[in-house]
Amino acid sequence: MIGPVPAVCALVRAAVLTEAELVLVNAASLPSGAPAAALLRWPVGPSVPA
């Protein structure tokens, strides 16, 4: 099923699937309370092309 998932789950899944490095910080670690965001994109489709 493709649909919305909690951000924590999406970040962990993306890191595992892409062998990316995931860095988690708390709000106090960001300069002047700056907002943080993530954008994840990868192709979605059948696991085996038709």
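This briefing describes the secondary structure, burial and surface of a single chain. The model is predicted. Its secondary structure comes to one helix and zero strands, and buried residues account for 6% of the 50 residues in the chain.

**Helix 1: extent and end**
- Helix 1 covers residues 7-18.
- With 12 residues, helix 1 reaches 16 Å from its first C-alpha to its last, which is close to the 16 Å expected at 1.5 Å a residue.
- Glutamate 19, just after helix 1, adopts a positive phi of about 55 degrees.

**Helix 1: two faces**
- Ala10, Ala14 and Ala15 are the buried residues of helix 1. They lie on the same side of helix 1 because the arc they cover around the axis is only 130 degrees.
- Val8 and Val16 are exposed, and they sit on the face of helix 1 turned away from its buried side.
- Valine 12, also found in helix 1, is partly exposed, because its relative accessible area of 42% falls between the 20% limit for buried residues and the 50% limit for exposed ones.

**Surface**
- Val8, Val12 and Val16 together make a nonpolar surface patch of about 290 Å².
- Valine 12 can belong to this patch because its relative accessible area of 42% is over the 30% required of patch residues.
- The chain as a whole exposes about 4800 Å², and carbon and sulfur atoms supply 65% of that area.

Conventions:
Residues numbered from 1 in each chain as written. Predicted model: local features only at pLDDT ≥ 70, side-chain atom pairs only at ≥ 80, totals over all residues. Heavy atoms only, no water. Patch = residues over 30% accessible without salt bridge, like charges linked within 9 Å, V, L, I, M, F, W, Y side chains within 5 Å. Areas by Shrake-Rupley, 256 points an atom, 1.4 Å probe, with all protein chains shown as cover. Salt bridge = Lys/Arg side-chain N within 4 Å of Asp/Glu carboxyl O. Helix = DSSP H or I, 4+ residues; strand = E, 2+ residues; numbered from the N terminus. Buried < 20%, exposed > 50% of the residue type's maximum accessible area, 1.4 Å probe, protein only. Expected span 1.5 Å × (residues − 1). Arc of directions from axis to C-beta.
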